[in-house]
Structure formats: C-alpha cells, structure tokens
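Work through the exercises below with the structure open beside you, and try each task before reading its solution.

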Amino acid sequence: MLGSMATVEAARQLLYGGIGRLGCFDPFLSNVNGLISVKSGVNVAWKRSSVRAQVHKCSRVQQDRRGVGPFQGTSGASHRLESMRYNCQRVESLSGGTAEDQRRTLFVDESDKVKSVPHNGMPISDVNEFKVNQPLDHENGGFGSNGKPAVAAINDDSSKKIEDEAWTLLRNSMVYYCNNPIGTIAANDPSSPGTLNYDQVFIRDFVPSGIAFLLKGEYDIVRNFILHTLQLQSWEKTMDCYSPGQGLMPASFKVRTVPLEGDDYATEDLLDPDFGEAAIGRVAPVDSGLWWIILLRAYGKCSGDLSVQERVDVQTGIKMILKLCLADGFDMFPTLLVTDGSCMIDRRMGIHGHPLEIQALFYSALLGAREMLAPEDASADLMQALKNRLVALSFHIREYYWIDMRKLNEIYRYKTEEYSYDAVNKFNIYPDQIPSWLVDFMPSKGGYLIGNLQPAHMDFRFFSLGNLWSIVSSLATLEQSHAILDLIDAKWEELVADMPFKICYPALEGREWQIITGSDPKNTPWSYHNGGSWPTLLWQLTVACIKLDRPEIASKAIKLAEKRISQDKWPEYYDTKRAKFIGKQAQLYQTWSVAGYLVAKLLLDNPSAAKNIVNEEDSELVNAFSCMISSNPRRKRSWKKQILV
C-alpha cells in the first residue's frame, strides 16, 4: 500500500511541480494521502487527485455544519468536513475553447473518449421517441394490471417490440454528469407522487444496466460509472460522529445541477452520495463494494480494456474493499457478518448474521479481485489472506449451508449439546427447528443453500439471489448447482408461478412476521422482500442456466415475463403467492426490471457472452477443498493450517 501511495504522490509532484491546484482536478487518478491544502485558504480533503488535463472545471467542495474535528486552512478556521461532493462547472476552458466545444468533450482521457454529447445532455444515438406513460399495445397480452388472464402466448414480433421498448426506457433512465453518461436512475415512474430516492443511481441497481450496455458493446457509461463511484469511496462518511471503514462504497448517489456562485450564466454538477446515513434504517450497503468489483471484472472481460483495472487508483480501491472485508474480528466463521438490510433485501427481514446473498457476492468479488490485482510485494500478505479466505468460505458454505432430502433427514436425527471437537452437530441445531413447510417443499431430487447459519439457528428459507449467484460464482459445487436448478424446476409454481422470480420462499406470516419484521407494512406476506416476485432476477437466473447448459429454464421464465411485464409498465415487484398483482407500493418503469429482462434476452441470443460474468472454479481451489474434505476437519482443531494455498 505504501509503495502505491508513494508512486501516485511522485507522479502528482512530477506533473504539478509540487504546487496544489485550486478547484480543478480529474477524478481518475488516486492519491491516498489524506489532506491537501490549497492556497486559497480552503481545505479540500480527498483521497484521490488528478494528473490529467481536462475541459470541465471540477473540484470538490465542503460544507461546514457541525464544527466537529479540526481541518485547518491558511485562514486558520476550523472546519468539520461533513460532506464532500464533486462539482463540474460548465465554463470555458483555460485553453480558450468555447463552452459548446467543452460540452461535446468528455470528462475522460483523450485516448479513451466516448461518444460526444451535445449541450442538452442527451447522447447522439438512435434512441427512439417514447414516452414512459404510453406502454406498448400488445395484441397478445398477459395477466395485466386489469386482472384479466392471458389469452395467448407472446409471439416473436411482440417480443421484439418489448425489447425495443425496454432499450428506450433504459436509455431514457440514463444520468449525465458533466455531459457524460454515468449511470441509470432506479425508476422513472411519472405517476409516482413522490420519488423518495428512486431518482438516484444505486450501485446494485446499476449492475444489470451496466451489463446490458456491456453486452450491447456500449462500454463508456460503465467505465464512467466505475471510475466516478471509485472516487466516492474515499469521501468522509459520518453518522452521529462515527465513521465506517474507508473501503465502504456508497449505496447510491445523485447528480445535482446548481447555479455557480458568482456567475448567473454558469452551472455546476454535483455528485451527492449516500453511504446509508440517509437511507431508511440507516444501514450501510455491504454489497455495494462487492458488486463494484464484479462489474469492474465484467467491464474488462467484455470490452477487452484492462487499463481501467490496472490503474493505480482502481488497484487501491480494490484493496480498500478487501481490507474492509478481510479485517480480523471476533467471528469464528469465514463468512461475512452483517446487519439486517445490508444487501438487496434492505429492510428488516431477519437476515442479520451471515446471509447467503452476501457470502455469494463476497466469494465472487474475492475471485474477481484475485484475477485483477497486480502482483507486487506490498500486497503479498493481502493475496495470501484472500486465497485462504476463498478456500475456507467455499468449504463452509458447501458443507454447512447445503440442504437436500438426505441432509434434512440427518438434521432431523441430530443429537444436541455436543461438547467435543469432533461433534457432528457443530452449531447445536435443534431438530425441532425444521419447519413443517420444508418437508413438503423439499423435492426428492434437488436441494439448495439455506439463507443463513448461526449458532443454534438455521434459516431454512430459499433466497433466490444467493442461490443463483452461488451457481454463477462457483461457490456451490457443480453437483449442488444442478440440484438448485432441479429444485427450481420442480417447484416452479412456488418460486415462479405467474411472474419470475420469488425473492425468497416462503413469506413470513402471522406472529413470525410481526416479530421478525416489526410488523413492517411494506413487507407484508407475499409482498416486496417478504416473498414478492422481482423481474430483475431474470438475469441472474439466465446466467446460472447458461453456465450449466440448461437455458430452457431461463427461456421458459422469460416467455412468462413477456406475457405481461410491458403491459404492467415494468413494475419493481409483484405481490401474492402467484405474483398476480403489481406490488402495492411498487414503482413502475423500474430500471433494473427493464435491464434484467434485457440482459436475459441478450444472453439467450448469445450464450457465449455469459463467460464474461461467471466465475469458473480453478484447480487450485478444487485441490485445496479436496484436501480439507479428505483430512476430515471435524476432527482437526488446527484445520486452518491445512488451507494455505
């Protein structure tokens, strides 16, 4: 780390001659030193500074609100740097170019320019005119919001119209920063009386949008997103005088355009991030950094542009995320310990502890980071810790989270209160915890990874994203992966029914719902995160099916979605056991519902592209895992010594 810091600082000193620059920097090269003082008397705290020429005047500004913690400038004033934001001032460049010229020049390197953008902020493209409140009028509809059932299967022509509509909606959701595409808003629902935070760019929500653009060969918006969100990682994030780790990525950000102070004719774009301090429940987004690494890897594989992941600031960003995730703690397990609501299920749903979704994303991010990190002496210990964690995590999930009919019968016969190093029931699970619904739900052929595992507690619910991404990332074995798809196929009516895909099964009901959710009115049974159906999960299902050479399952789900998703105006989620109703609080024209459908269609049309997303298990991990199994870790106190690879 120190070597990287010194390298960046030397480059900055070489280009700037050791003199700070006021309010003008390119946010694409990192300086991990803490504080830079500029001669204007304003202190600007950041982790990364520029060494590149630019057109738009960009800086980071501060707001002094609480007066906690000294940040001394040349004026001697004390400041608390509560929030910091980029601003991009649309003014003429020092080189003498006109404002119009600058608006058509992108905020990237000359060698990596993307398509030019006119001053109105809309890209020059073949986007068709389409108003979001005018859905397509399909001749062959599905089970629409009017409650009438489908009368005919959707034909190829209608499918093409739905795809065209989806692309138009996706492009209309694009957000621009300094005239450059930087992401997509969460939803673009003109009928919604209040947007809440759906007008922001969410890290996790943008992933299917980004992959759709990558599969379409439009790489620039993803590159801009990766590099700009990287800068947000280093900003100060505080709630009630406490700051989380430096590697935390924001949950979302918003682009604000405001008048430039002192100039009636100029405006500036501000990036305003939310790290969870403004979110409902004030939960930090653990999954944001993991998704960022996954998308970074996909960008390099799809575009062939490895220069982004090789940059010093990007390498530093990856390491910061890893150090945050790999930090030592009190936990005895290799899984990440998180609070409730720290991932896609972002409300209280009883997933605190070691939820499968986080573990699958964690494993995928570790594999991606291992591929992308440049070998250097300074990171040797980090790489060793990463490899050790990969093996331990894969063993833990495969061995203890897996459940099928055989394992269920084994748990049913567990002995409890075993105090020994060779205990079979390591986590002291009581057989009476087996819910009655599970006996009927578990097919004779098939199985899945449970939702959570803690001492004396197994969450037997089926969580879709965690299981699907365990297939994609190879966290599950090949045999387990096929068994998961076998279960999905066997329990189609429970997990898919009229619209893919149940986020979890079954829903919490009655007293259990009251206790676990706190009687959450949004997470009522079979709604939202409590058993609601989410169309965006189509893309994860499709990737998993293609990886296992079983695309017919994904194709069946896509055809089912096409019967009504466009007619229903691309809802965020559906309610009821069979997903008959549009969610009672669902946003319409939800961007990741649109993007999830597009990615699924693109991958079915070109299955070979899925290789840019999936993780294939390598022989090194397989051998290490086999050694752990053969050595029977149940009888070894020093099993950690056996996983070094």
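**Exercise 1.** In this predicted model, find the partner with which glutamate 376 forms a salt bridge, and establish where the two residues lie.

Solution. Begin with the side chain of glutamate 376, which forms a salt bridge with lysine 319, the closest N and O atoms being 2.7 Å apart. Next, place both residues: glutamate 376 lies in the loop between α9 (356-372) and α10 (380-401), whereas lysine 319 belongs to helix α8 (residues 312-325), so the pair ties together parts that are 57 residues apart in sequence. Finally, compare their accessibility with the cut-off for buried residues, which is under 20% relative accessible area: glutamate 376, at 29%, counts as partly exposed, while lysine 319, at 3%, counts as buried.

**Exercise 2.** Determine how many residues apart aspartate 164 and lysine 160 are in helix α3, and decide whether each is buried or partly exposed.

Solution. The two residues form a salt bridge in which the closest N and O atoms are 2.8 Å apart. Both sit in helix α3 (residues 156-172), and because they are four residues apart there, about one helical turn separates them. Aspartate 164 is partly exposed at 35% relative accessibility, and lysine 160 is also partly exposed, with a relative accessible area of 44%.

**Exercise 3.** Decide whether arginine 564 and aspartate 568 are buried or exposed.

Solution. The side chains of arginine 564 and aspartate 568 meet in a salt bridge of 2.9 Å, N to O. Arginine 564 has a relative accessible area of 2% and is therefore buried, and aspartate 568, at 2% relative accessibility, likewise counts as buried. Elsewhere, salt bridges that share partners join Glu493, Asp498, Arg578 and Lys580 into one network.

Terms used. Residues are numbered from 1 along each chain as its sequence is written. This is a predicted model: local features need pLDDT of at least 70, side-chain atom pairs count only at pLDDT 80 or more; totals for chains, interfaces and linings use all residues. Side-chain values use heavy atoms; hydrogens and water are left out. A salt bridge is a side-chain nitrogen of Lys or Arg within 4 Å of a carboxyl oxygen of Asp or Glu. Buried means under 20% relative accessible area, exposed over 50%, partly exposed in between (1.4 Å probe, protein chains only).
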